[in-house]
Amino acid sequence: MWGIFLESVVIFKNYMGFHEKHFLAAIYLLVLLYLWFAEKDKCRRTVFVYAPTLLLLLFFCPLFRKVFVRVLEDSETYYRLLWLLQMSLVSAYGLLKLMGRHRRIGLAAVCLMIAVCGDYVYDSEHISRAENAYHLPQEAVDIVDLIEPEKGRVTVLVPADLVYYVRQYSTDIELPYGREMLIARWDYHNALYEAMEEAEVIDTPSFVELTRNGSFPCTYVVLKESREVSEPLTDYGFSIYGQVGEFVVYRDTTL
Amino acid sequence: MRCVLDIINFIFWLLAVPFCIGMIPASFIPPAKRSPGFLLLAGYFGMWALFEVAAVPAVLWVKYDNFKAASAAFTVLSLLAAAAGLCLLYRHHRAGGPGLVCRERFWEKLSPVEWVEWILFFALLGFQLYKAAAYASFDGDDAYYVVESLIAQESDVMYRILPYTGRPTDLDVRHALAVFPMWAAFVSVRAGVHATIVSHVVMPLVMIPLTYLLYFEIGRLLFGGLAQKEGDCDGAVGIWGRAGRESGSVFHRENLPIFMIIMAMFQIFGNVSIYTNETFFLTRTWQGKAVAGSLVIPALLWVFLLLCGEENEKNDDGVIKKRTAGGIWMLFVFVHMTAGVCSSIAVFLTCILTALTAFFLAVVKRDVKIILKMGAACVPSVIYMGIYVVVAYSYLLK
């Protein structure tokens, strides 16, 4: 039970970003404490004080966590219980109550405090200027435009960089493996993925055997220009179909 | 010309239909609580509840072209509901009632300082919308959710094809009951726009303002002085009463723009980890779980506050007409059903929050009936969880 409790503490710390010196949670907890004393309206106490406090206690309760995980068969999403706290709503309400009549100076102080204790979302490494209306990398769009059949579907082997995107542009493109291979903790195994991504140098004969005679024969293979291969694919029945940026598109002429 | 038609379709399905559906719950609440914001939000939750009714049976029991079946059923249901809303509006008008959309004298009475504060808030909102439209946010889960929408749009199939590869697959109940990507696909089909563009561009431009509209409505309840009385639409002015400021209380409307600015700041700087609902709100706005965290759960708090208002009225004025609260209970059910549309886990979360709040409300108000009423409103969620468990563990029965 103690171990489960400690796990919940770690989840809480990771959620609140304490390890990266973010302290919005500290604002929330102080506001919650303030509301315990300052909020007199019974209904608001229920919604903004009692329910969040009990939720916090439940979050750290090992027995509750065991039941939650057992029912949902998923321990990775336990942190979502913290969504019920609605930290920003409760904090905004409590801070406004605390400001009283000092609205202007209060607003400036609160905004400064949030900016200092929080983290600017648009600084994220996952956010970049959109290259097109699909919000997908233009190279993925261009490759699919190049190989997409007029009718029917085609199986394409693409590097990990493109796995997330090609089917967001067209579902006529099928993949021999997908995103499931890229998440290490899901622990999937696929011989073609290992040959494509994990080998330092692609062993062309065995690689071609897998792309051609595997479960899902690949009509096209897309490789980065810099990807090392033991022998050129063109020696094994592939032709260069086109090139998009750093990606070379090969077509298997035997299929 | 095509672009104009797309915009008209978007306006029809994302504004007109939910607005009309919202008139149904609005006709069963006190006139003072009616507002365009209430109508649109209640309409959206009503529309999503209808989508759940149309799509979940199709997912479970229709094998081929199940998206086509769900779309047809939802089109009929939503248009009937919108027509019913319009009929109620007409009936109120003919009966000389106050109408379902109360005009509020809000902008007329703003002080210069409030104007500046509102402009500041709208600048923050505009900044978030600009970032949502002009910047791409990578999230690995899109390889599942966005592709599911696109498969539905291109192949008329829901949850029978593995989005990662394109191969046929068994029903994955955890994802299949949360049909939010199918609603995005429905909008895409009706507007004739690629589902990925709808997910990545149109959805944020709709969901971000809608979420702030909800915060506005919550702020209105918190800082409007709670002067909600029975009466005609002019009673709505009471919501914006300045009595609070005169008495030194913080509960006056001048705090509303400040509340909105603080909420916007929390969203923009809420990225303290990848797990917070604020991060989900601005980086994966189009995913059902983000909608659950930023719209559905706060909506539940909004409904609790609305119900508290009802109780306050009862205490002050004695007996009130039972039907006045009916619309709020209707909204309560819609919100619970929307949780199921967004995410299976959200159903469990909203039930937990409802149970806790019902328990405390029953204690502080010394009224056990609250637990029974809120429990009854959770019945659709219980049915949802029942289906989830039966489908998830059906292999044990074979």
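The points below concern chain B of a predicted model.

1. Overall confidence. For the complex, the predictor reports a pTM of 0.92 and an ipTM of 0.93. Within chain B, 85% of residues reach a pLDDT of 70 or more, and the mean is 86.

2. Where confidence varies. Ranked by mean pLDDT, the elements of chain B run from helix α9 (residues 243-246), the lowest at 43, to helix α7 (residues 180-191), the highest at 96. Over residues 226-248 of chain B, pLDDT stays under 50. The model nevertheless has 51 contacts beyond four places in sequence for residues 226-248 of chain B. Where pLDDT is low, predicted coordinates should not be read in detail.

3. Make-up of the chain. Chain B contains 16 helices and one strand. Of its 398 residues, 54% are buried. Counting contacts in chain B between residues at least 6 apart in sequence, 73% join residues at least 24 apart.

4. Length of helix α8. Helix α8 of chain B covers residues 195-223, which is 29 residues. At 1.5 Å a residue the expected span is 42 Å, and the end C-alpha atoms lie 39 Å apart, so the two values agree.

5. Bend and burial of helix α8. Where does α8(B) kink? The kink is at B:Met203, is about 40°, and comes shortly before the proline B:Pro204. The helix is mostly covered, with 22 of the 29 residues of α8(B) buried.

Definitions and conventions:
Residues numbered from 1 in each chain as written. Chains lettered and ligands numbered in written order. Predicted model: local features only at pLDDT ≥ 70, side-chain atom pairs only at ≥ 80, totals over all residues. Helix = DSSP H or I, 4+ residues; strand = E, 2+ residues; numbered from the N terminus. Expected span 1.5 Å × (residues − 1). Bend = angle between axes of the 7 residues up to and from the residue. Buried ≥ 20, exposed ≤ 12 C-beta atoms within 10 Å, placed from the backbone. Contact = placed C-beta atoms within 7 Å. pLDDT = per-residue confidence, 0-100.
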